[in-house]
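Welcome, and please take a moment with the model below. The report that follows walks through its pockets, its overall build and its aromatic rings.

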Amino acid sequence: MSKPKIAYLPVTEPQFKGVDRRSKSRAPERYKFEKLNELVIAAREWYGWEHSYWRAAAMIFAFILFLVSMSVSLSLLGQAIYAGMVFALALYLRNYTGTLFTLIMIVFSVNASSRYLYWRYTTVRLKIE
């Protein structure tokens with residue numbers, strides 16, 4: 001018994017005329033060359049990062065800012081303003097590509113969760129005492 005022959009279609013033209021299918025997966029040019037990306041690249045390539053004391057100072061400063069933003073109690077209006085500012089900044093930063101901007105979004109999320117946990121912990125602790 002002979003095997004049936006398979007008819008192959010010739011591939012001569014792209015399926016979508018005038019559109020390169022790979023171009024949709026690439027980031028638009030405005031994301032690659034924006035002023036914010038240039039500032040981040042300049043900060044990343046700063047010569048001071050070669051010294052461990054500058055890295056340690058930056059980490060301590062960032063940790064202190066995180067603790068302050070987590071533990072400051074705000075009124076309802078202050079909480080709404082803070083949340084609105086973080087949300088607006090997140091909407092602005094989502095237009096940029098790169099790992100740094102993704103990590104900033106993660107820090108926003110962890111900060112919001114930490115604020116809630118700190119509030120719950122201090123509220124319960126005050127009720128127990």
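The lining of the second largest pocket draws at least two residues from α2 and at least two from α5. Of these helices, α2 is the one that gives the most, with five residues. In all, 13 residues line this pocket, and V40, I41, R44, L100 and F101 lie nearest its centre. The space inside comes to about 320 Å³. A quick word on terms: pockets are found on a 1 Å grid over the protein atoms alone, as open sets of points where a 1.4 Å probe fits, with protein on both sides within 12 Å along at least five of seven lines, and lining residues have an atom within 4 Å of a point. The volume is the space filled by probe spheres set on the points, which are joined across faces, edges and corners.

Before going further, a note on the source: this is a predicted model, in which local features need pLDDT of at least 70 and side-chain atom pairs count only at pLDDT 80 or more, while totals for chains, interfaces and linings use all residues. Residues are numbered from 1 along each chain as its sequence is written, and side-chain values use heavy atoms, with hydrogens and water left out.

The largest pocket holds about 640 Å³ of space. It is lined by 20 residues, with A62, L103, I104, V107 and F108 closest to its centre. Here α2 (35-44), α3 (52-71), α4 (76-93) and α5 each supply at least two lining residues. The table sets out the make-up of both linings, where Ala, Val, Leu, Ile, Met, Phe, Trp, Tyr, Cys and Pro count as nonpolar, Asp, Glu, Lys and Arg as charged, and the others, Gly among them, as polar.

| Pocket | Nonpolar residues | Polar residues | Charged residues |
|---|---|---|---|
| Largest pocket | 18 nonpolar | two polar | no charged |
| Second largest pocket | seven nonpolar | four polar | two charged |

Now for the chain as a whole. It has five helices and zero strands, in the order α-α-α-α-α along the sequence; helices are DSSP runs of H or I with at least four residues, strands are runs of E with at least two, and both are numbered from the N terminus. Of the 129 residues, 9% are buried, where buried means under 20% relative accessible area, exposed over 50%, and partly exposed in between (1.4 Å probe, protein chains only). Among contacts with a separation of 6 or more, 62% join residues 24 or more positions apart, a contact being heavy atoms within 4.5 Å.

Helix α5 spans residues 99-128 and includes S109. This serine counts as partly exposed because its relative accessibility is 43%. The C-alpha atoms of S109 and V86 are 9.7 Å apart, with their positions 23 residues apart in sequence.

What about the aromatic rings? The whole structure has five aromatic pairs, meaning rings of Phe, Tyr and Trp (its six-membered ring) with centres within 6.5 Å; planes under 30 degrees apart count as stacked, over 60 as edge-to-face and the rest as tilted. W46 and Y47 make a tilted pair, because their ring centres are 5.6 Å apart and their planes stand at 55°. With W54, W46 forms an edge-to-face pair, at 5.3 Å between centres and 70° between planes. W46 is partly exposed at 32% relative accessibility, Y47 is exposed at 59%, and W54 is partly exposed at 40%. These three residues belong to one aromatic cluster formed by W46, Y47, W49, Y53 and W54.
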